[in-house]
Amino acid sequence: MDWLQPLLEAGQEQVLLGQEGCQLTQINYSVQKSPSTAYNLYQAGKLDGTILDAQASKQLTKSKGYTIRKVANTQYLQFNLKKYSKFKSTNLRRGISMAINRSSLSKTLGATYKAATTTLTSSGLTTVNGEDFTKLAASSEAKKYTSYNKQLAKQYFETGLKEEGLSKLSFTLLASDYDTSKKLAEFVQSQLETAFGDKITVKVQSIPSKTNLNRVLAGNFECTLSGWIADYADPISFLDCETTGNSYNYGSWSNKEYDKLIAASKTSSGEAHMKLLAKAENILMVNPGGNSFNSSQQD
């Protein structure tokens, strides 16, 4: 993916569940774009479970049926490097990363959302010698570029503008029209425009998720909000997506050393496998390939 910027980590989801101890032969699934609408349907007895939004998650923690479930999910920004040269400056993208206060973002979205730190891989996915993989993969250099630092962000961003011959950066941030996605996009817009003033203009475009996906697949975007849920308990589930030519690498970010590490990890096992992936993770954050806002959502 282009410059992928992890912001939120979905390690936990908050849920209101209905009847306990029931046996199921069929599950009916209802898609509701608004968490408040879903909650109203739950209260009316028309849903047996629902995802909670930020406000409800704070108010209903003591309610019967309130449940927290862990999910290995990361949400992040992607810039279309293939189509738009204005995003190609590493310093510019580093500046954008440091301008986003992930801790504030997690609090804005809800009680169990967690700010991403120094990895695309979500915390809690797997351990290495008893420690979370994200600790093995963390580095002081990666932490520098994924930590909120408004003053440093401005320095890097302005250096990036000069490198690209720009006086300001303008782009449209594509997001789905789900409640959480819209809030996340608006938060990023506010953070960047507050940090960089008249040096940046960010327009948020929220559209139906299917239309959003079709546009991203066609490469018809400047910057988009993305998310990934691990298929299995191995960081490769996240990291393979960023290899050159991968079908999920929408923005065409590419790094030869990163590709070599991912390829080597696929022929290794155990601690050696994890160490190769940790090195790849660092390249992704530093060069950058990423800036996550890992989010702990409510389910």
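**Exercise 1. Locate serine 252 in this predicted model and describe its backbone and its exposure.**

Solution. Start with the position: serine 252 belongs to the loop between α10 and α11. Next, take the backbone angle. Serine 252 is not a glycine, yet its phi is positive, about 65°. Last, classify the accessibility. The relative accessible area of serine 252 is 36%, and partly exposed covers values between 20% and 50%, so serine 252 is partly exposed.

**Exercise 2. Do the same for asparagine 129: find its loop, its phi and its exposure class.**

Solution. Asparagine 129 sits in the loop between β7 (127-128) and β8 (131-132). Its phi is near 50°, again a positive value in a residue other than glycine. For the exposure class, compare the relative accessibility with the cut-off: asparagine 129 has 63%, and exposed means over 50%, so asparagine 129 counts as exposed.

**Exercise 3. Which residues of helix α1 are buried, and how are they placed around the axis?**

Solution. Helix α1 spans residues 35-43. Its buried residues are Pro35, Ala38, Tyr39 and Tyr42. Now look down the axis of α1: these buried residues fall within an arc of 100°, so they line one face of the helix. To finish, check what comes after the helix. α1 is followed by glycine 45, which has a positive phi, near 80°.

**Exercise 4. How many salt bridges does a search of the whole structure find, and how are lysine 183 and lysine 275 paired?**

Solution. Begin with the general idea. Side chains of opposite charge can pair when their charged atoms come close. The search of the whole structure finds four salt bridges.

Step one is lysine 183. Its partner is aspartate 179, with the closest N and O atoms 3.4 Å apart. That distance passes the cut-off, because a salt bridge needs the nitrogen within 4 Å of the oxygen. Both residues are in helix α8 (residues 179-196); because they are four residues apart there, about one helical turn separates them. Lysine 183 has 31% relative accessibility and counts as partly exposed.

Step two is lysine 275. Its side chain meets that of glutamate 271 in a salt bridge of 3.5 Å, N to O. These two residues are four residues apart in helix α12, so they too are separated by about one helical turn. Lysine 275 is partly exposed at 42%, and glutamate 271 is partly exposed at 38%.

**Exercise 5. Describe the salt bridge between aspartate 240 and lysine 266, and state which parts of the chain the pair links.**

Solution. First give the distance: the two side chains meet at 3.0 Å, N to O. Then place the partners. Aspartate 240 is in the loop between α10 (236-239) and α11 (256-265), while lysine 266 is in the loop between α11 and α12 (270-286). They are 26 residues apart, and the pair links distant parts of the chain. Finally, compare each value with the classes: aspartate 240 is partly exposed, with a relative accessible area of 23%, whereas lysine 266 is exposed, with 53%.

**Exercise 6. Name the residues of the positive surface patch that includes Lys154, and give the helix and exposure of lysine 154.**

Solution. The patch is formed by Lys150, Lys154, Lys162 and Lys199. Lysine 154 lies in helix α7, which covers residues 150-163. With a relative accessible area of 41%, lysine 154 is partly exposed.

Terms used:
Residues are numbered from 1 along each chain as its sequence is written. This is a predicted model: local features need pLDDT of at least 70, side-chain atom pairs count only at pLDDT 80 or more; totals for chains, interfaces and linings use all residues. Side-chain values use heavy atoms; hydrogens and water are left out. Patches are made of residues with over 30% relative accessible area and no salt bridge: like charges are joined within 9 Å, nonpolar side chains (Val, Leu, Ile, Met, Phe, Trp, Tyr) within 5 Å. Accessible areas come from the Shrake-Rupley method with a 1.4 Å probe; for residues, only the protein chains shown count as cover. Lys and Arg count as positive and Asp and Glu as negative; His and the chain ends are not counted. The place of a charge is taken as NZ of Lys, CZ of Arg, CG of Asp or CD of Glu. Buried means under 20% relative accessible area, exposed over 50%, partly exposed in between (1.4 Å probe, protein chains only). The arc is that of the directions from the helix axis to the C-beta atoms.
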